[in-house]
Amino acid sequence: MKKKSRCVAVVLAGGRGKRMGTTLAKQYLPIPDKPVLYYTMKVFEDSEVIDEVILVVGKGHIPYCRREIVEKYKFRKVTAIVEGGKERYHSVWQALRILERENMQKGYVFIHDGTRPFISEEILERAFREVCKSGACVVGMPVKDTIKVADEKGCIDITPKRSLVWQIQTPQVFSSDLIIPAYREVITKEKELLARGIQITDDAMVVENVCGCPIRLVEGSYDNIKITTPEDLEIAELFVAERTRIKKVKKIQRSG
């Protein structure tokens with residue numbers, strides 16, 4: 001894969017994990033003996049697509065994350081660790097401000113949830129190929145179940161065509177000259193947007209509300225889960241165990 005443009009991953013690891021029910025933030029929980037965030041960061045560290053990583057962490061977590069994640073596991077692509085904000089889009093903006101100060105005009109930004117540890121190089125490559133063509137894309141997968149949209153009374157209002165409904169994942173990937181100005185405008189007009197009832201829940205919404213440009217969907221993986229609850233952690237442990245088993249089998253086959 002030929003690659004000339006600068007590619008920066010913004011990894012969001014500032015969640016508190018209330019639904020996990022643990023005192024330790026979910027991104028630092030072990031699966032089984034390494035933290036969730038390790039697996040996420042390892043993919044970006046080894047990736048041929050990503051040049052550098054900006055890590056966004058919770059308030060007061062910079063020393064811990066630098067010591068227990070970046071330095072401990074020798075993640076050399078990390079160029080900055082910053083504290084996040086109140087909402088997700090505030091946290092993303094903290095990272096984008098760094099790129100804005102660096103006057104990053106030509107390149108791509110991969111915005112990814114730190115608690116999605118099963119991102120893969122194949123997904124990153126697919127997203128990179130698409131963003132080079134379209135300037136904006138998000139990773140996701142078609143839903144498996146029929147989806148119902150409820151009305152305010154809790155009754156079924158709409159049944160969208162299943163083939164057109166996707167479950168959105170991360171990374172969400174954008175040309176830097178698109179996402180940085182879009183986020184700057186959203187932050188500037190935040191009060192106005194909130195007054196209009198617009199809740200920004202992902203990065204695609206920022207581009208949708210500011211630019212109105214089309215955003216392409218790129219196939220991710222059903223394994224690319226976000227760890228939010230104890231049940232998710234159990235699934236993640238199974239994924240890690242299976243991948244470890246496969247690596248051992250391949251190693252034996254090569255040695256034999």
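**Exercise 1.** How do the residues of the lining of the second largest pocket divide into nonpolar, polar and charged?

*Solution.* Keep in mind that you are working with a predicted model.

- Step 1: Find the place. Start from Tyr39, Lys42, Val43, Arg243 and Lys247, which lie nearest the centre of this pocket. In total, 19 residues line the second largest pocket.
- Step 2: Sort the lining. You should get eight nonpolar, three polar and eight charged residues.
- Step 3: Ask where the lining comes from. Two or more residues each are given by α1 (36–46), α4 (121–134) and α8 (230–255). With five residues, α1 gives the most.
- Step 4: Add the volume. The space in the second largest pocket is about 580 Å³.

**Exercise 2.** Which residues lie nearest the centre of the largest pocket, and which element supplies the largest share of its lining?

*Solution.* Let's take this one in the other direction, starting from the volume.

- Step 1: Note the space. The largest pocket holds about 950 Å³.
- Step 2: Look at the centre. Gly14, Gly15, Arg16, Arg88 and Lys226 lie nearest to it, among 34 lining residues.
- Step 3: Trace the elements. At least two lining residues each come from β1 (6–13), β2 (52–57), α3 (88–101) and β8 (166–175). The largest share belongs to β8, which supplies four residues.
- Step 4: Sort the lining as before. Here you should find six nonpolar, 15 polar and 13 charged residues. When you sort, remember that Gly counts as polar, so Gly14 and Gly15 go into the polar group.

Note on methods
Residues numbered from 1 in each chain as written. Predicted model: local features only at pLDDT ≥ 70, side-chain atom pairs only at ≥ 80, totals over all residues. Heavy atoms only, no water. 1 Å grid on protein atoms, 1.4 Å probe; cavity = no way out; pocket = protein on both sides within 12 Å on 5 of 7 lines; lining within 4 Å. Points joined across faces, edges and corners; volume = space filled by probe spheres on them.
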